[in-house]
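Biologist: Before I plan anything at the bench, I would like a close look at a single part of this model, namely the place where the two domains of one chain meet. Please take me through that part in one connected account, and then set it beside whatever else can be said of the chains.

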Protein chains: 2
Amino acid sequence: MNTPTSVAHSLDRATCTALDAADALAPFRDRFVLPAGVVYLDGNSLGALPGHTAAHVQRVITEEWGTGLIRSWNDAGWFAKPVALGDRIAPLIGAAPGEVVLGDSTSASLFQAAVAAVRMRPGRRVVVSERGSFPTDLYMLEAVQELLGGDEPLERRLIHDEGPSLEDVLGDDVAVVVLTHVDYRTGRMRDLAEVTRQVQASGALMLWDLCHSAGAVPVDLNGAGADLAIGCTYKYLNGGPGAPSFIWVAERHQSAAKPALTGWHGHARPFDFEFGYAPADGITRFRVGTPQLLSMAALEASLEIWEEVDLEAVREKSLRLTELFISLVDARLAPWGVEVVTPRQSALRGSQVALRVEDGFAVMQALIERGVIGDFRAPDLMRFGFAPLYVSHADVWDAVAALEEILSTEVWREPRFARRGAVT
Amino acid sequence: MNTPTSVAHSLDRATCTALDAADALAPFRDRFVLPAGVVYLDGNSLGALPGHTAAHVQRVITEEWGTGLIRSWNDAGWFAKPVALGDRIAPLIGAAPGEVVLGDSTSASLFQAAVAAVRMRPGRRVVVSERGSFPTDLYMLEAVQELLGGDEPLERRLIHDEGPSLEDVLGDDVAVVVLTHVDYRTGRMRDLAEVTRQVQASGALMLWDLCHSAGAVPVDLNGAGADLAIGCTYKYLNGGPGAPSFIWVAERHQSAAKPALTGWHGHARPFDFEFGYAPADGITRFRVGTPQLLSMAALEASLEIWEEVDLEAVREKSLRLTELFISLVDARLAPWGVEVVTPRQSALRGSQVALRVEDGFAVMQALIERGVIGDFRAPDLMRFGFAPLYVSHADVWDAVAALEEILSTEVWREPRFARRGAVT
């Protein structure tokens, strides 16, 4: 699986196209619509559009909404959709049917799950997370602290690569540990089973953020015996911009788990219009209000593809792509001080690679202008995602070649590439 | 404007079609797609599909997502969309630009707004609402009570038509009053300005639920000097199933208002990926996570229609339709004990009418089978919404005629109309 630098030096583009010709996942590329001339290495931020999504959403709009009208809440299964689609996500993350439900944004779902976890460990008043988490996770934990504060404040302890470690902060006062499986910037992947074991040994619950894992690497939540998880469907799962998040709660916890946001779609009898809140059985209680059906319809379309995918094959190709990228970067971009930030050990790497590059923002803008789309994460990382269903070995070659040209010609110094405004 | 029963007796269908021929809003019906043979009187639950929505969403999917990919967050204005569309809703509710933002579900938005309001009145520990509110509002206030409890529990006081009244429960301990402008079951409309004045005189903040008002009746939040509001876009505003809710916060409160759910899209500098939460200026701070863009795109399409609509003309036609309906029900359905629950005084009525009918569930199912679509709200109300952009006077005639036939033939007693399962 390793592609040492010496091998990379002898690689050429023809070798990459030969690898593509032998790639069992290559046919999936035809299931997606990608603009001509684009090498898309940002599927870790917004997944590519499946070819049949537009027609499916069209049908939901014209037939289910336009003709079915209000009747579609029953007749087209709209009401059941968040759990029905959750059941289709379940096998991708090692979950069982009835354990996964769609939510609003991942921020909102993290809040739902974290509050439930804290309440399941009364007396324990510490929430552990990580300083390098995607910021919204930490912002939402601030909200949890403020809202569940009261008599006895909730303390937040953050681990960091330079310390403190998880071992340092665990103790009998920790209610829940909230960690990201694959780091959004570096792509570093944690050992899900081992961390879960360590956390549970302290008596705390383990809440995983799978935003950069679902559809990128095999995940086995039940195999690891984890407690709760949330994740994203608009990255590797190709659900479309802002597609709904998901929440997983292990079946054994569901009757004790009390969600924070007690909306009517999580009620035991929503259409009895009862006066007081009573949680539904099972994962349904984690629903809040009326779900955004059209966004959900696009996700429904993309999940059809995922039902045909072997995640072990995805992982195998993902490692081939990221190793190829790292090797080519090492071999060709060293003169410009480009540093690979992502772990080189494959067990520690998700499906993305981050490079530290001086003036990385401008370099990325120049690269995008050349048709190679990655993204930039402040303060200094260029980030490249490798979605194995539609990224080829030749794409990897072309991306590094374009980077080499941009660095060697210094075209990125042109003023039009300078930073301005918001960039996702 | 009144159509006394004596007039209704002399009405015939030709009179109704003549009223349609003279109706200035009648041309708007062509902007919507409605199935042949259907009289749609449930636009208060799910608005009809605008004719151009499917093509607009199609374009967003294929061009903005498929071709633009991640670049569309900037290039297609995705990131700015929740506030940009809020600005287009603003004139429909008497709000100013920069005062309205799209949220997730109305349940989530009510939570956001209610927590902010309670925090703006420290020391006041009572939340007032109404027993007849749409249940999710009360469920979410239960969540607010539980989460903002702590040292000093938050008390919930509920008013009711049979007492206590608003006057009875107001006092210097009330932080916020949460009331629905137009009642979801009866269609009873409150005097927004007068109630706001009464509430504010006690020192409390006024939070309005506009779910059954926006697009149905003229609303003037700033004219009334109200404090906060939330509302729905999938009913009269035709945004599509589960379209995003909106939150309004009066400009004077925005710098003091602290949202409950502090997600990264509400951060002052979301793309600096800062470690700690810092609220954005203005209404943006009420955003939470990544918004569901495709559902938002459908709303964007329907708002194009609303830009051409004169809400005073909508109100005038709405009252004509509901009065016609009430008069015909009085004149023709009295033999079966059908009772009009909605206020007969036009100033107290929104754009919907509820009938109390024995076995109303089965009667509604028989009516729907006949192509007249209303809905049923437990325990005993048949509910009919009159969306003036696409409901005609002839529709009203046909609906009452169908009801009369169903009641007189007792077809509703057939077993297939008996209650089973969830009904929205």
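Modeller: A salt bridge here is a side-chain nitrogen of Lys or Arg within 4 Å of a carboxyl oxygen of Asp or Glu, and that rule will be needed twice below. The model is a predicted one, and the account should be read with that in mind.

By this rule the side chains of Glu300(B) and Lys81(B) meet in a salt bridge, with 3.0 Å from N to O. The pair links distant parts of the chain, for Glu300(B) sits in helix H11 (residues 293–306) of chain B and Lys81(B) in helix H5 (residues 81–89) of chain B, 219 residues apart. Over all chains, the structure holds 60 salt bridges.

Now to the part you asked about, in chain A, where the domain assignment gives domain 1 as 5–51 + 311–417 and domain 2 as 79–306. The C-alpha centres of these two domains of chain A lie 30 Å apart, and their contact takes 35 residues from domain 1 of chain A and 23 residues from domain 2 of chain A. Between them the two domains of chain A bury about 2,300 Å², with 64% of that area on carbon and sulfur atoms. Across this interface in chain A the salt-bridge rule finds 0 pairs, whereas 12 residue pairs are in polar contact between domain 1 and domain 2 of chain A, both residues being at pLDDT 80 or more.

On the side of domain 1 of chain A that touches domain 2, the elements that give two or more residues are helix H12 (311–333), strand S12 (352–356) and strand S15 (381–385) of chain A. Of these, H12(A) gives the most, with 5 residues. The residues on that side of domain 1 of chain A divide into 19 nonpolar, 10 polar and 6 charged.

As for the two chains, chain B can be laid on chain A with an RMSD of 0.0 Å by a turn of 180° and a shift of 0.0 Å along the axis, which means that the relation is that of a two-fold axis. In chain B, the C-alpha nearest the axis belongs to Gly150(B), at 1.9 Å from it. The same surface serves both copies, since 100% of the contact residues of chain B recur in chain A.

Definitions and conventions. Residues numbered from 1 in each chain as written. Chains lettered and ligands numbered in written order. Predicted model: local features only at pLDDT ≥ 70, side-chain atom pairs only at ≥ 80, totals over all residues. Heavy atoms only, no water. Domains from an automatic or database assignment. Contact = heavy atoms within 4.5 Å. Buried area = accessible area lost by both parts, 1.4 Å probe. Polar contact = N/O pair within 3.5 Å; in protein donor to acceptor, adjacent residues only side chain to side chain. Helix = DSSP H or I, 4+ residues; strand = E, 2+ residues; numbered from the N terminus. Nonpolar A, V, L, I, M, F, W, Y, C, P; charged D, E, K, R; others polar. Least-squares fit on C-alpha atoms with pLDDT ≥ 70 in both.
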